[in-house]
Amino acid sequence: MADNPILEADSIGKSFGDRRILSSASLSAAPGQVVGILGRMGEGKSTLLKICSGVTSTDTGWVKYKERIRNPAKLASLAPEGVYYLPEAGSLSGALTLREHFELFRTRFKLDSFDDLIEDFELGTFLGSSPSLMSTGERRRTELALVCYRRPECLLADEPFRDLDPIVGERVGRVLKALAEGGCAIVLTGHEIRTLTPFLTSVVWLTSGTTYSLGNPSDAWKNDYFRKEYLGPSGERIYA
């Protein structure tokens with residue numbers, strides 16, 4: 001477990017019908033940390049993130065945020081307290097323009113002007129556009145600008161690097177690093193090992209419904225079982 005965590009989840013179990021997805025999963029994240037949940041497809045990484053964010057309920061175990069157990073955890077109550085959930089499918093509404101997304105945030109969270117962020121993320125030409133007309137990279141830039149505008153205390157991001165070209169992926173990494181340096185606790189999932197490694201402070205391996213805290217990436221890659229069962233031959237080249 002992390003020292004002085006803002007978010008904790010312990011003994012999480014979740015089934016969908018007869019299929020047991022999680023049996024005893026745990027994680028924690030402290031301000032300034034970037035925790036990566038790694039594991040094969042279908043192991044339950046997204047489910048664990050949804051449970052921690054209050055999007056999905058847990059069958060067993062508990063989620064604690066800011067030293068208070070949330071029973072059950074609900075995103076509607078966690079969001080005003082600083083939790084931001086970024087789903088794999090994206091968080092933008094096709095019914096709103098980019099400007100309307102920012103205006104909605106400004107009204108709901110009583111925020112200041114977003115003009116500087118629009119300039120920083122080069123979004124000026126899209127202000128009147130629907131996200132459905134934007135590319136994957138443009139939508140991800142918009143989502144990151146909204147994250148920065150909200151300034152969350154805890155960010156839960158599901159596959160934030162998926163389907164991104166190297167330039168946009170590098171920008172995503174820089175933003176995540178800056179958020180962590182500003183005190184945000186970040187938990188993310190992903191399969192892009194080379195891309196993720198420079199930004200992670202700790203690795204949680206999810207396999208067979210259970211999590212294993214492996215320490216920092218360097219220590220994780222030295223774990224023989226993790227290398228054999230998840231990294232495979234590519235693990236030999238991560239630090240090459």
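**Exercise 1. The pair R106 and E103**

Task: Determine whether E103 is buried, partly exposed or exposed in this predicted model, and describe how the side chain of E103 meets that of R106.

Solution.
Step 1. The relative accessible area of E103 is 28%. Buried would require a value under 20% and exposed a value over 50%, so E103 counts as partly exposed.
Step 2. R106 also counts as partly exposed, at 28% relative accessibility.
Step 3. The side chains of R106 and E103 form a salt bridge, with an N to O distance of 2.8 Å.
Step 4. Both residues belong to helix 3 (residues 98–109). Because they are three residues apart in that helix, about one helical turn separates them.

**Exercise 2. The pair E143 and R140**

Task: State which helix holds E143 and R140, and whether the two residues are buried or exposed.

Solution.
Step 1. The helix is helix 5 (residues 136–150), where E143 and R140 stand three residues apart, or about one helical turn.
Step 2. Their closest N and O atoms are 2.7 Å apart, in a salt bridge.
Step 3. E143 and R140 are both buried.
Step 4. Elsewhere, R68, R70 and E81 are joined into one network by salt bridges that share partners.

**Exercise 3. A salt bridge between separate elements**

Task: Find how many salt bridges the whole structure contains, and explain which parts are tied together by the pair K14 and D59.

Solution.
Step 1. A search of the whole structure yields nine salt bridges.
Step 2. One of them joins the side chains of K14 and D59, at 3.7 Å from N to O.
Step 3. K14 lies in strand 1, whereas D59 lies in the loop between helix 1 and strand 4 (60–65), so the pair ties together parts that are 45 residues apart in sequence.
Step 4. K14 counts as buried because its relative accessibility is 8%. D59, at 42%, counts as partly exposed.

**Exercise 4. Helix 1 and the residue after it**

Task: Establish how many residues of helix 1 are buried, and what phi G54 takes.

Solution.
Step 1. Helix 1 covers residues 45–53, and seven of its nine residues are buried, which leaves the helix mostly covered.
Step 2. The buried residues are K45, T47, L48, L49, I51, C52 and S53.
Step 3. Just after helix 1, G54 has a positive phi of about 85 degrees.

**Exercise 5. The nonpolar cores**

Task: Identify which members of the largest nonpolar core touch the most other members, and list what F226 touches.

Solution.
Step 1. In soluble globular proteins, nonpolar side chains tend to be buried together.
Step 2. The largest nonpolar core here has 48 residues, and L155, I186 and F226 touch the most other members.
Step 3. Leaving out residues up to four places away in sequence, F226 touches L38, V203, W205, L214, A220, W221 and L231.
Step 4. A second, separate core has 27 residues, among them A29, C52, V83 and L206.

**Exercise 6. Two loop residues with positive phi**

Task: State where E159 and S208 are found, and whether each is buried or exposed.

Solution.
Step 1. Most residues other than glycine have a negative phi, and most peptide bonds are trans.
Step 2. E159 is not a glycine, yet its phi is positive, at about 55 degrees. The residue is found in the loop between strand 7 (154–157) and helix 6 (166–181). At 7% relative accessibility, E159 counts as buried.
Step 3. S208 likewise has a positive phi, near 55 degrees. Its place is in the loop between strand 9 and strand 10 (210–215). With a relative accessible area of 61%, S208 is exposed.

**Exercise 7. A cis peptide bond**

Task: Name the kind of peptide bond that joins N71 and P72, and locate P72.

Solution.
Step 1. The bond is cis, with omega at about 0 degrees.
Step 2. P72 lies in the loop between strand 5 (68–70) and helix 2 (75–78).

**Exercise 8. S202 and D18**

Task: Describe the surroundings of S202 and the position of D18.

Solution.
Step 1. S202 lies in strand 9 (residues 202–207) and is buried, with a relative accessible area of 14%.
Step 2. Apart from neighbours within four places in sequence, S202 is in contact with Q33, V34, V35, G36, G215, N216 and P217.
Step 3. D18 sits in the loop between strand 1 (7–16) and strand 2 (19–29), and is exposed at 87% relative accessible area.
Step 4. Between D18 and Q33 there are 35 Å in space, C-alpha to C-alpha, although the two are 15 residues apart in sequence.

Note on methods:
Residues numbered from 1 in each chain as written. Predicted model: local features only at pLDDT ≥ 70, side-chain atom pairs only at ≥ 80, totals over all residues. Heavy atoms only, no water. Helix = DSSP H or I, 4+ residues; strand = E, 2+ residues; numbered from the N terminus. Buried < 20%, exposed > 50% of the residue type's maximum accessible area, 1.4 Å probe, protein only. Core = buried A, V, L, I, M, F, W, Y, C linked by side-chain atoms within 4.5 Å. Contact = heavy atoms within 4.5 Å. Salt bridge = Lys/Arg side-chain N within 4 Å of Asp/Glu carboxyl O.
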